[in-house]
Amino acid sequence: MSDDIAVGGGATPTPDPDGPDGVRMTWNSWPRSKVEASKCVIPVAASIAPIRASPFLVVLPYAPLRCKPPCGAVLNPFARVDFFAKIWICPFCFSRNHFPPHYAGINETNVPGELYSQCTTVEYAPPPLDAAAPPPPPVFLFVLDTCLIEEELGYVKSAMRRAIGLLPDHALVGLITFGTQVHLHELGFADMSKIYVFRGTKEISKEQILDHLGLSSAGVRHGAVTGAPRYTKGPQPNGLHPSTSVYRFLLPASDCDYTLNSVRSPISFSHIFEAGNRALRCTGVALSVAAGLLGACVAGTGVRIIALVGGPCTVGPGMIVSKDLSEPVRSQKDLDKDAAPHFHKAIKFYDNLAKQLVNQGHVLDLFASALDQV
Ligand SMILES: [Zn+2]
C-alpha cells in the first residue's frame, strides 16, 4: 500500500515491509480454520507501531472526529458515510454519528483526508489549546541490564550514547542499571557517582520506592499534579537539585555524555556468572522502580522507559525461569499445557505493571535478546 501512496504522491517508491500502518504479522494472513491454527507452531502475533514516522504520512491540521461515548473510535476509511444525511456509521460499534457543522461541505467528490481509502493511518496535528504554556520536556529513562559479557555491554552503552545524541537537547534522561540488584543513578549529582540500591528479590510498592528516594513528601505529589514546574526552577544556588525533586535523577540530554561515561564502573558491577547457572537478573523489580519513580513525579507527561535486556528475568517478581540452566525457558507448548511453573505469577506481575503504566500514560520499550537456548 505504501507503494500506491508513493506513486500517487509522485515520489520514488521505497520498500517498506511494515506498510504505512506500521503493522507486521507473523503470517501474511490469519489461519482460516481451527485445523490450520492448530498447525501453527509460532503463535499468531502482530507488531504494531502506532506512532512510527513515515514520509508518506498524511498530516491533518485538525482534531479527530470521534464516535459517541463510550466508543470514542475515530472517523476512518472503513466507516460507512451517508453524504446526503451527513451521517457516518462507526465500523466498531455501528453507532450512527452526525457530522459536525464544519464537515457540512463534504460529498462523494469532496471527502476529508481521514476518509481517503489509502489513508488508513493519518497524523492529527491540531493547533495547541494553550499555546502560552510550553509542554513539559519529554523524559527517557534507560533501564540497562548489566548481566552481559563485557563486549556486549560495550555495544549497548555505545548504542545508548548514540540514541541520547539523537534526542532533543531539552529532553530529560535517567538511568537505571540492574543485575541481582537495581541501581538508580542520581545523574544530577555531578560531584561523584551516587546510586540508590534496591533489592532484586522482593516486590516493592510505589510508596516504598518514593520513601527510599526521599521523594514521598506532599510537595512532590503536588508538583506532579500541576505538571512539571520544578524543572523550570532548576538547581539551587549551590548547584544541587532540591532533595525532594525527581530531577535529581533526570538530566537534560545535552549534559548526559560526561555523566554516562563516569558511571562506567558501577555499570559492570553485577556482572557475575556462575558455571551452570543463568545470571541473576531482576528485570521485574527494575521496571517497577522505573514505573514507580516516574508515576509519582511525572505522571501524564511524555515518558518512555527504554529497557535493554539481555536475557530472562531469573529472580524476584516477574521471574520466568530459575537461575539453574538445567531448567529450560518455557516454550509456547508449555504455556498451552499450563506446564510453565512461573507463568501465572509472572503474568499477574506484568499485567499490573502494564496497568500502572497505562494509568500514568507512559510507554515501556523493551529491547530483548537471549540466544542461550537456540
Ligand atoms: Zn463507535
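**A first look at a predicted model**

Reader: How many bridges join strand 5 to strand 6?
Author: Keep in mind that this is a predicted model. Strand 5 covers residues 87-89 and runs antiparallel to strand 6. Within this pairing, Trp-88 stands opposite Asn-97 of strand 6. The number of bridges joining strand 5 to strand 6 is three.

Reader: Which strands stand at the edges of the open sheet of three strands?
Author: The sheet has the order 4-5-6, and its pairing is antiparallel. Residues 80-82 make up one edge strand and residues 96-98 the other; each has a single partner strand, so one side of each has no neighbour in the sheet. On average, neighbouring strands here are turned by 25 degrees against each other, direction ignored. The edges belong to strand 4 and strand 6.

Reader: Where does Ile-42 of the nonpolar surface patch lie?
Author: Ile-42 shares that patch with Trp-27, Trp-30, Val-41 and Val-44, and together they have about 520 Å² of accessible area. To find Ile-42, look past helix 2, residues 34-39, and ahead of strand 2, residues 46-48. Ile-42 lies in the loop between helix 2 and strand 2.

Reader: Over which residues is the pLDDT below 50?
Author: For the protein, the mean pLDDT is 80, and 82% of the residues reach 70 or more. One low stretch, 218-240, still has 27 contacts in the model beyond near neighbours in sequence. Another has 23 contacts beyond four places in sequence, but where pLDDT is low, the predicted coordinates should not be read in detail. The stretches are residues 218-240 and residues 265-271.

Key
Residues are numbered from 1 along each chain as its sequence is written. This is a predicted model: local features need pLDDT of at least 70, side-chain atom pairs count only at pLDDT 80 or more; totals for chains, interfaces and linings use all residues. Side-chain values use heavy atoms; hydrogens and water are left out. Two strands pair if DSSP finds at least two bridges between them. Helices (H or I, at least four residues) and strands (E, at least two) are DSSP runs, numbered from the N terminus. Axes are lines fitted to C-alpha atoms, for helices over the stretch in contact, and angles run from 0 to 180 degrees between N-to-C directions. Patches are made of residues with over 30% relative accessible area and no salt bridge: like charges are joined within 9 Å, nonpolar side chains (Val, Leu, Ile, Met, Phe, Trp, Tyr) within 5 Å. Accessible areas come from the Shrake-Rupley method with a 1.4 Å probe; for residues, only the protein chains shown count as cover. A salt bridge is a side-chain nitrogen of Lys or Arg within 4 Å of a carboxyl oxygen of Asp or Glu. pLDDT is the predictor's confidence in each residue, from 0 to 100. Contact means heavy atoms within 4.5 Å.
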